[in-house]
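Colleague: I should like to request a close look at one part of this model. Please take the strand pairing as the starting point and continue to the surroundings from there.

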Amino acid sequence: MIHVSIGKRKISLEKIIAKSPETSGACAIFIGVVRGREKGKTVSTLEYTDYREMALVELRKIAVHAAEKYALDALYVHHRIGKFKPGEPTVYIVAFAPHRDAAFDACKYVIEMIKKTVPIWKKEYRPDGSAEWK
Amino acid sequence: MKIVVKYFAGLRDITGKESEILEIQGITRVSELLSYLMRRYPELKKASDIIVARNRAFVEEEAEVSENDEIALLPPVSGG
């Protein structure tokens with residue numbers, strides 16, 4: 001089962017874990033969070049924007065490929081869009097596999113690919129009011 | 001030929017718009033469209049590594065542009 005989504009909301013990891021496939025012996029979770037300092041400067045807010053229609057297509061491509069490459073039982077990917085404060089979650093990847101290596105590797109693969117091909121951008125706001133596209 | 005051009009992230013700040021419908025003549029490839037847009041918005045020349053998507057798929061600059069295409073100008077992605 002592959003599930004990808006993009007939006008403002010958080011997701012419930014408890015609900016996902018409760019649906020653990022019978023064949024899975026491992027569930028690896030990666031959560032990207034807003035870093036409060038970037039290159040020595042304080043970050044007050046991180047704003048994510050996207051090209052939604054295309055981002056969903058690209059995200060699904062990555063998920064389908066990862067599920068096949070690592071023989072996953074299930075994969076959930078959710079990227080949040082909006083303005084977030086340091087410490088808040090921005091991206092969730094949950095991979096279920098029979099064994100741990102595949103689950104860990106899949107999480108790493110998916111986040112690396114998101115950073116390369118999914119049309120999502122972030123803008124960093126600082127306490128002095130300045131902002132910069134990253 | 002009528003096409004829709006969409007701009008994202010910092011490129012939106014440069015053009016001042018999210019999208020526009022353009023009536024263009026004599027443009028058949030993405031590279032020609034980019035040159036046209038850079039004349040229309042000279043600040044775009046300062047944007048490095050503009051990525052182009054046609055109808056929601058990445059394309060190279062030699063790709064063709066056709067009637068009713070949705071062309072998107074994207075800065076390098078930075079999600080995650």
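How many bridges join S9(A) to S10(A), and do these strands run parallel or antiparallel?

Modeller: The model is a predicted one. S9(A) and S10(A) run antiparallel and are joined by 3 bridges. Across this pairing, Lys123(A) stands opposite Trp133(A), a residue of S10(A).

The two strands belong to an open sheet of 4 strands in chain A, ordered S7-S5-S9-S10 with antiparallel pairing. Strand S7 (82–84) and strand S10 (131–133) of chain A are its edge strands, each paired on one side only. On average, and with direction ignored, neighbouring strands of this sheet are turned by 20 degrees against each other.

The contact between the chains involves 20 residues of chain A and 12 residues of chain B. On the side of chain A that touches chain B, strand S5 (45–50), H2, helix H3 (100–117) and strand S9 (120–125) each supply at least two residues. The largest share, 4 residues, comes from H3(A). By character, the residues on this side of chain A divide into 12 nonpolar, 4 polar and 4 charged.

Helix H2 (residues 52–69) of chain A includes Val64(A). Val64(A) counts as partly exposed because it has 13 C-beta neighbours inside 10 Å. Its C-alpha lies 9.8 Å from that of Val4(A), although the two are 60 residues apart in sequence.

As to confidence, the model scores ipTM 0.93 and pTM 0.95. Chain B has a mean pLDDT of 96, with 100% of its residues at 70 or more.

Technical notes. Residues numbered from 1 in each chain as written. Chains lettered and ligands numbered in written order. Predicted model: local features only at pLDDT ≥ 70, side-chain atom pairs only at ≥ 80, totals over all residues. Buried ≥ 20, exposed ≤ 12 C-beta atoms within 10 Å, placed from the backbone. pLDDT = per-residue confidence, 0-100. Contact = placed C-beta atoms within 7 Å. Nonpolar A, V, L, I, M, F, W, Y, C, P; charged D, E, K, R; others polar. Pairing = 2+ DSSP bridges. Axes fitted to C-alpha atoms, helices over the stretch in contact; angles between N-to-C directions.
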